[in-house]
Structures are given as C-alpha cells and as structure tokens.
Amino acid sequence: MDGDVAVGVKRGSDELNMYGSSPNSMTANGSDSKKQRLDESPPSRVLHIRKLPNEVSETEVIALGLPFGKVTNILMLKGKNQAFLELGTEEAAITMVNYYTAVTPQVRNTPVFIQYSNHKELKTDSALNQRAQAVLQAVTAVQDGSSPSSDPGVLDLAPPPSPVLRIIIDNMFYPVTLDVLQQIFSKFGTVMKIITFTKNNQFQALLQFSEPVNAQQAKLSLDGQNIYNSCCTLRIDFSKLVNLNVKYNNDKSRDYTRPDLPTGDGESTNKDHSLLGTPSGALASYSSGGGYSSSLSLSQSGGAISPLSAAAAAAAAAGRVALSGSGVSGVLLASNLNEEMVTPQSLFTLFGVYGDVQRVKILYNKKDSALIQLSDGNQAQLAMSHLNGQKVFGKVMRVTLSKHQTVALPREGLDDQLLTKDFSGSPLHRFKKPGSKNFQNIFPPSATLHLSNIRDGVGEDDLRLLFSNSGGTVKAFKFFQDRKMSLIQMSSVEEAIQALMDLHNYDMGGNHHLKVSFSKSTI
C-alpha cells in the first residue's frame with residue numbers, strides 16, 4: 001500500500017468540526033439549511049460527509065469519491081452517521097463538491113451532505129481501524145491497477161479473473177437499454193462490447209471492458225446500486241467468459257470496436273436510446289431547492305444511481321436527453337471573471353467542452369460576469385458542475401444557473417464593444433452529432449490534456465513549444481501509437497484550462513485543426 005495512505009481513527013477526533021457549523025465549511029447541497037456561501041469556504045482535499053444512513057460501509061463512502069480521483073484516507077464516525085474522506089488532490093475535492101452542488105449525493109437512496117473540512121489532511125491511527133485500512137488498500141490497489149492483498153473477509157478483491165462482467169437487473173420497473181449500461185459503466189474504463197438478453201424472466205447483460213482491472217473497479221463501485229429511484233438494481237459478477245463474440249450492432253448487442261458490423265434483422269443501430277423515454281420525467285426535475293434533485297432520476301421523486309456513476313451518466317447523457325417539460329433553461333451566469341482577459345470566444349471554447357454553446361454575452365455594466373447559453377438545461381448543468389470553482393485567468397470562476405431563458409442578441413450596430421457573440425452556427429460544436437464518441441469523453445478539468453487531429457510530421461518538441469507559449473509549463477508528454485493523438489500534462493489545472501482555451505482548434509496547417517479536451521489519464 002502507498003506510504004502516504006493511512007486510515008483509521010482520528011487522534012483527538014473531538015477537535016473535528018462534526019456538525020459543519022463553522023462559517024469555513026460549505027455544504028454541497030442546495031436543500032441543506034446550513035448552506036454557506038461558496039466564496040466563504042476554503043477548499044480542502046478533506047471532505048466532511050454528514051447524515052449517512054445507519055450501518056453504511058466504508059466501501060460505500062469511498063465510492064462517493066471514486067469518480068473524481070484517488071481516495072487517500074477515510075475516517076468513519078459511525079455513532080454520529082458521519083465520515084471524513086481525503087482525496088489525493090484539492091482539485092479532485094473541488095470537482096467533487098462542485099458536482100454534488102448540482103446533484104444530490106445519495107447513499108442507499110438517502111441524501112447525504114458533503115462539505116469541505118477545516119482540516120487539510122487526515123492524520124489517523126491505522127492500528128485502531130484495520131477494516132477501514134483494508135478496504136482503502138483494496139480500493140487503492142484497484143485504482144492503481146495492481147492486485148490488493150487485503151483480507152478476503154473484508155472485500156472480495158482477488159486479482160480480477162476476467163474483463164467481462166455479468167450484470168442482472170433486479171426490480172426492473174423501467175426498461176434499461178444497452179446505451180444506458182454503456183453510459184454508466186464507461187466511467188470505469190473503455191467498454192468494448194455489450195450483449196443483452198433475457199434469462200429466467202430477468203434482463204441480463206454481458207459487458208466487456210478493455211482491462212480486467214476496470215471490470216473490478218466497476219463491480220466494486222456499482223454492485224447493489226440502483227440505476228433509477230428505488231428500482232433497477234444492478235447485481236454484478238465476473239463472467240467465466242474472457243471475450244465476447246458480437247455478430248450484430250443493434251439494440252441487443254454492440255461491439256464498439258467494430259462499427260462496421262451489420263445490424264441483423266433489418267434493425268437500425270441509430271434508434272433513439274436516450275435514457276428512458278417512458279417515465280414521465282425524462283431527467284430529474286429542477287427542484288425548488290436550487291439544484292437538480294439527481295442527475296438521472298427518471299422517476300419524479302428523485303434519487304438515481306447512488307452515488308457513483310451519476311457523474312458518468314450525466315456526462316454521457318449530455319445533449320442526448322431532452323429536459324422534457326421541466327422548463328429549465330440552458331443559460332448559465334459566470335461571474336468573478338478576469339475582465340481584462342475574458343472574451344466571448346474563450347468562454348465558448350471552455351464551456352464548449354461540456355455542451356454546444358449557442359450564445360455568449362459579457363455584461364456591459366459588469367464585465368466580470370457573462371451569460372452563456374447552451375443547447376439545453378442538461379448541458380448547462382453539466383458545465384456548471386465541472387466548471388464552478390475552477391481558476392480561469394487567475395481568478396476563481398463562479399458558475400450558476402441563470403434566470404434567463406435565452407441570451408438576447410443586441411440590435412445591429414449597438415454592440416460596439418463586441419461583448420455578445422452568436423455561436424449557433426459554429427462548426428466547432430462537439431455534441432451536435434447524435435451518438436458521437438465525444439459523449440463518452442467528457443471529463444472534469446485536469447492538468448492532463450488529450451490532443452487529437454495532430455498533423456503528420458508534427459513532433460513532441462513542436463507541441464511542447466506550442467503549449468509552453470500559452471503561458472504554462474509542460475511537465476510530461478506522450479504520443480499515442482498512431483501519432484495522431486497524444487497526452488500533454490501541464491503543471492496545474494489552471495494552466496491546462498488556459499491552454500485549452502488558447503489552442504483548441506489551433507490551425508496546424510494543411511487543414512488540420514488541433515482538438516483539445518481534458519483527459520482522465522495521467523502520464
């Protein structure tokens with residue numbers, strides 16, 4: 001286990017702010033009466049989680065943090081229904097809090113409350129809590145791709161036997177499609193193939209990852225979770241198969257590595273599999289508490305995949321699910337901007353990572369604020385959850401949902417400062433093509449960027465120089481095998497954001513425009 005990971009009981013735990021009453025803490029839930037102003041709370045990589053259900057396990061608490069990065073420590077306060085979770089970096093913690101500001105985190109279908117802790121790290125006595133230590137060691141090993149040596153009585157984490165999972169859906173009150181499974185499971189790695197079938201009157205699926213360790217992490221995180229509120233429970237085991245043979249690409253089976261396969265039976269592969277058209281709320285209704293009750297709550301009462309793949313599924317669903325009848329606008333208000341540096345074009349590029357930006361207006365009387373209109377409320381929520389609290393041009397940007405339904409264009413000749421721009425016809429929209437692979441490649445801002453459409457003959461030194469000129473420091477670089485794609489790591493998330501805004505769609509000559517996006521990988 002990594003030397004920097006320690007788990008157990010906090011020494012002098014009575015010093016901890018158990019009830020979040022300090023003005024320096026911040027709740028990540030719009031419905032909590034103790035919500036503090038975001039700009040009053042110093043971020044910390046230690047998060048305080050309250051109102052956990054009785055008998056909650058360490059695994060379930062760790063699972064809340066898994067989609068956002070490495071979990072390095074955990075402290076359970078079971079008598080108080082609370083826990084402290086330490087993430088590997090402050091950026092990961094900020095992303096997690098931002099995400100759960102818009103999407104209510106749930107454990108066992110119970111809303112929980114997440115806020116920054118006053119503590120910058122957890123100092124724990126590992127000898128006093130060996131179970132938590134074993135659980136975290138096992139999860140750490142899964143995240144690192146190694147095989148853990150924990151007590152098998154704590155967690156079933158022997159080396160993963162297969163990249164193929166067998167998935168059974170219990171209590172299937174709503175249909176679950178192949179695309180829904182792909183969206184949920186792709187958070188944990190590359191999904192190669194899926195076959196769905198009915199056996200013993202139960203919907204089942206076989207799903208193959210590119211690596212066994214991805215299957216293990218998905219099983220650890222998702223087994224027993226509900227896809228929709230109080231129903232469609234995932235039961236996950238390893239399959240005895242190690243490779244799936246898919247003959248047709250249709251709504252029953254899919255080989256994502258072979259888009260050329262026939263559909264069979266005359267079925268179209270382009271059917272609308274957007275997340276459940278049948279229940280009345282095609283996405284979570286916008287709650288009066290100031291946020292979405294859940295990212296994928298397809299029943300009206302709220303509460304979706306809990307807690308894990310909400311981020312993944314929201315990302316994958318962006319732009320594919322209409323917010324039917326919910327009345328949520330796709331307009332965001334970004335504030336605390338650097339008015340000397342920000343332009344409509346830079347905001348279009350940054351927010352365009354998470355949705356198709358239609359219009360941008362920098363406010364005439366308040367030039368550190370701007371309205372950004374995306375295609376729909378779902379994309380707006382996604383952009384807000386990932387970008388609120390990120391540092392842009394040296395200032396921490398705030399992103400909230402605007403009361404405006406649209407961004408109005410100025411009358412011709414009146415916008416002499418070019419503060420408003422219409423991007424509705426832009427060829428740079430990433431999500432206008434249904435089923436685009438861009439839906440599966442939506443990640444939080446990170447120091448590592450993914451570059452694609454690199455022109456032949458452009459080498460590592462050329463790209464390092466290009467990205468250094470954007471004002472940052474290149475820490476690492478790696479070409480993919482075909483040299484048309486690469487990863488480049490900047491020294492901070494802020495530098496990576498700056499580089500993306502400057503260099504996405506950069507003209508490399510020969511009709512090659514560089515494509516830049518955030519990566520979940522590190523070099």
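1. In this predicted model, helix H7 (residues 344-351) lies across E15, strand E16 (357-362), strand E17 (370-374), E20 and E21, and the helix runs at about 140° to E16. Helix H8 (residues 377-387) also packs on the sheet, where it touches E15, E17 and E20, its direction making about 155° with that of E20.

2. The sheet beneath these contacts is open and has five strands in the order E20-E15-E17-E16-E21, with antiparallel pairing. Its edge strands are E20 (398-401) and E21 (420-422), each of which pairs on one side only, and from one strand to the next the twist averages 20°.

3. Strand E15 (residues 331-335) pairs with E20 in the antiparallel sense over four bridges, and Ala-334 stands opposite Val-399 in E20.

4. Turning to the aromatic residues, the count comes to four aromatic pairs. Among them is the edge-to-face pair of Tyr-99 and Tyr-100, at 5.4 Å centre to centre with 70° between the planes. Tyr-99 counts as buried because its relative accessibility is 2%, and Tyr-100 likewise counts as buried at 2%.

5. Phe-477 and Phe-479 form an aromatic pair that is edge-to-face, with 5.0 Å centre to centre and 85° between the planes. Phe-477 is buried, its relative accessible area being 10%, and Phe-479 is buried with a relative accessible area of 16%. The ring of Phe-479 also has the charged end of Arg-483 sitting over it, 4.1 Å from its centre.

6. A further charge-over-ring arrangement involves Lys-367, which lies over the face of Tyr-364 at 4.7 Å from the ring centre.

Note on methods. Residues are numbered from 1 along each chain as its sequence is written. This is a predicted model: local features need pLDDT of at least 70, side-chain atom pairs count only at pLDDT 80 or more; totals for chains, interfaces and linings use all residues. Side-chain values use heavy atoms; hydrogens and water are left out. Two strands pair if DSSP finds at least two bridges between them. Helices (H or I, at least four residues) and strands (E, at least two) are DSSP runs, numbered from the N terminus. Axes are lines fitted to C-alpha atoms, for helices over the stretch in contact, and angles run from 0 to 180 degrees between N-to-C directions. Contact means heavy atoms within 4.5 Å. Rings of Phe, Tyr and Trp (its six-membered ring) pair if their centres lie within 6.5 Å; planes under 30 degrees apart count as stacked, over 60 as edge-to-face and the rest as tilted. Buried means under 20% relative accessible area, exposed over 50%, partly exposed in between (1.4 Å probe, protein chains only). A charge sits over a ring if NZ of Lys or CZ of Arg is within 6 Å of the ring centre and within 35 degrees of the ring normal.
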